[in-house]
Amino acid sequence: MSESKIIDESKQGESLMVSAPVSPNGKKLFLESYGCAMNFSDSEIVASILKDKGFTTTKDYTEADIIFVNTCAIREGAEQRVRKRLTDFKKIKKTNPDLIVGMLGCMAERLKSKLLEEEQLVDIVVGPDAYRSLPELIETAETGQKAVNVLLSKDETYADIAPVRLDSNGVSAFISIMRGCDNMCAFCVVPFTRGRERSRDPETIVKEAQDLFDRGYREVTLLGQNVDSYLWAGGGLKKENLTKEELQNATTFAQLLEKVALVHADLRVRFSTSHPKDMTDDVLHIINRYENVCKYIHLPVQSGNSRILEMMNRGYSREWYIERIAVIRRIVPDCAISSDTITGFCSETEEEHQDTLSLMESVKYDFAYMFAYSERPKTMAERKYEDDVPEDIKKHRLQEVVDLQQKHSGERTREGLGKIHRVLVEKVSKKSDNRLSGRNSQNVTVVFPRENYKPGDYVNVLATSCTSATLIGVVVE
Ligand code: SAH
Ligand code: SF4
Ligand code: F3S
């Protein structure tokens, strides 16, 4: 077994150890990933492309011939962490001069010349749309030359590549349904690092879901930066140039979700991320109609103030967002809702920050990822606005948001007490071998006695106690 490491920098910053299968060819690859689920999913594509060329993977980077770091650029802190790691890896080259170190992913485009030529930290730089060229780039690097491909594509979706499932519990898997983003939120670097939005052929998505189900998987998460913007009209056809008829016949996200839900009633379907400006009622009706589509929506608000939302170029106001929440509650009454928020965006006043807190009070999110604003190069905010909220104020506001969210998360978890939850068993609990853990439809972790149950089973659990984020209970018939 081999291993690489995933650090979700976009979100909570947790690290996971992941494994890839081994196939013989003599050269060993160590793969470490930072960033969001999309990056994690991309690492599975990289592992697949290189496995097909006979590379084996290793969990011990000291024995690797090639080290790849799949990078994240979402905030400055994320980049700094990766640079430190690359510096560590460069030191190994002193004892192993043949070692090749490569930088993949979202930092590739911006830092290619700096890290490749100026600082000579890496030998290979590959952007997120150029992974098919990895085998040739490795060959180039093996001759001692620097190898770069950071070209972004308008069409690449890796639709035909069967990802090697890394860090697999054999129960849940990611399926990438689209790439890139066209939204241009003022604070966000993603449209620059991952290029134009493009959707993947739904047939290949359904096939991937079916294959996973046949191999024993019981949950898939459909991934995209803005899943509500998914649209497939046929190979090569671009959303912006469609005729009325092509548009009518195109597959929307709601239709895709239904197709995947129909793969099997025992295959749970999740998706992320939804965008408040694009989420349709059709999607909500599908969530409500199919038991296996999870009652959980990640609907990042970013700010509770309409002036700030306008500056952020989010495409909705506070009122629009609150109305969308009301519609969710009406169509899917038992739906959990989570969010992302940014504190201290350019020119945000104390009053405007209070609007974020009051919006949180009115929605009472089940969960949230919360960040202090970090200015990113090339973004609209960097070009047009001043990053003028002092760091200590950003942090103070962040703390207030975090404290309020903790209170709400605790209250939401406690609402699950005394109720029966349908849980998909995922793994043995971290804290005790005698307990299993899984999640309910609303994405809350539920822990219960192991008995004879195993990962992949569905069980009904009566919640009898809880911690702030976990329900604890017993299996009932
Ligand atoms: N596509 C998703 C978000 C992807 S990035 C969406 O639109 O919701 C994940 C989160 O990182 C964002 O929702 C935002 O809250 C945060 N983020 C992005 N850029 C940031 C920045 N420059 N500073 C602080 N947080 C940022
Ligand atoms: Fe970034 Fe906005 Fe696209 Fe999300 S929707 S990835 S925040 S530009
Ligand atoms: Fe980071 Fe790129 Fe994801 S910048 S958050 S890895 S899309």
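Good morning. The shell of residues around ligand 3 divides into six nonpolar, four polar and one charged. Please keep in mind throughout that this is a predicted model.

Which residues of that shell come nearest to ligand 3? Of the eleven residues around the ligand, the nearest are Cys36, Cys72, Ala73, Cys106 and Arg194. And where does ligand 3 lie with respect to the domains? Domain 1, residues 3–149, contributes to its shell, and domain 2, residues 172–414, does as well, so ligand 3 lies between the two.

Let us turn to strand S3, which covers residues 28–34. Is this strand enclosed or open? Six of its seven residues are buried, so the rest of the structure largely encloses the strand. As a general point, side chains in a regular strand alternate between the two faces of the sheet.

Strand S3 has partners that we can name. One of them is strand S4, residues 56–57; the two strands run parallel and are joined by two bridges. Within this pairing, Lys28 has Thr56 as its bridge partner in S4. To travel from S3 to S4, the chain passes through helix H1, residues 37–51, and this β-α-β crossover is right-handed. Strand S3 also pairs with strand S5, residues 66–71, again in the parallel sense, over five bridges. In that pairing, the partner of Phe30 is Ile67 of S5.

I would now like to look at a residue of helix H1, namely Glu44. Is Glu44 buried or exposed? Its relative accessible area is 2%, and a residue counts as buried under 20%, so Glu44 is buried. What does the side chain of Glu44 reach? The answer is the backbone nitrogen of Leu166, at 3.0 Å.

Finally, we come to ligand 1. There are 16 residues around this ligand, and those that come nearest are Phe187, Gln225, Gln302, Asp340 and Ser374. Several polar contacts involve nitrogen atoms of the ligand, and I shall take them by residue. For Gln225, a backbone N or O atom lies 2.8 Å from a nitrogen atom of ligand 1. For Phe187, a polar backbone atom is 3.0 Å from a nitrogen atom of ligand 1. For Arg75, it is a polar side-chain atom that lies 3.3 Å from a nitrogen atom of the ligand.

To close, I would ask you to find two places in the structure: ligand 3, lying between domain 1 and domain 2, and strand S3, with S4 joined to it by two bridges and S5 paired with it over five. Thank you for your attention.

Methods: Residues are numbered from 1 along each chain as its sequence is written. Chains are lettered from A and ligands numbered from 1 in the order in which they are written. This is a predicted model: local features need pLDDT of at least 70, side-chain atom pairs count only at pLDDT 80 or more; totals for chains, interfaces and linings use all residues. Side-chain values use heavy atoms; hydrogens and water are left out. Buried means under 20% relative accessible area, exposed over 50%, partly exposed in between (1.4 Å probe, protein chains only). Helices (H or I, at least four residues) and strands (E, at least two) are DSSP runs, numbered from the N terminus. Two strands pair if DSSP finds at least two bridges between them. A crossover is right-handed if, with the strands pointing away from the viewer, the path from the first strand over the helix to the second runs clockwise. A residue is near a molecule or strand if one of its heavy atoms lies within 4 Å of it. Ala, Val, Leu, Ile, Met, Phe, Trp, Tyr, Cys and Pro count as nonpolar, Asp, Glu, Lys and Arg as charged, and the others, Gly among them, as polar. Domain bounds come from an automatic or database domain assignment. A polar contact is a pair of N or O atoms within 3.5 Å; within protein, one must be able to donate a hydrogen and the other to accept it, and residues adjacent in sequence count only if both atoms are side-chain atoms.
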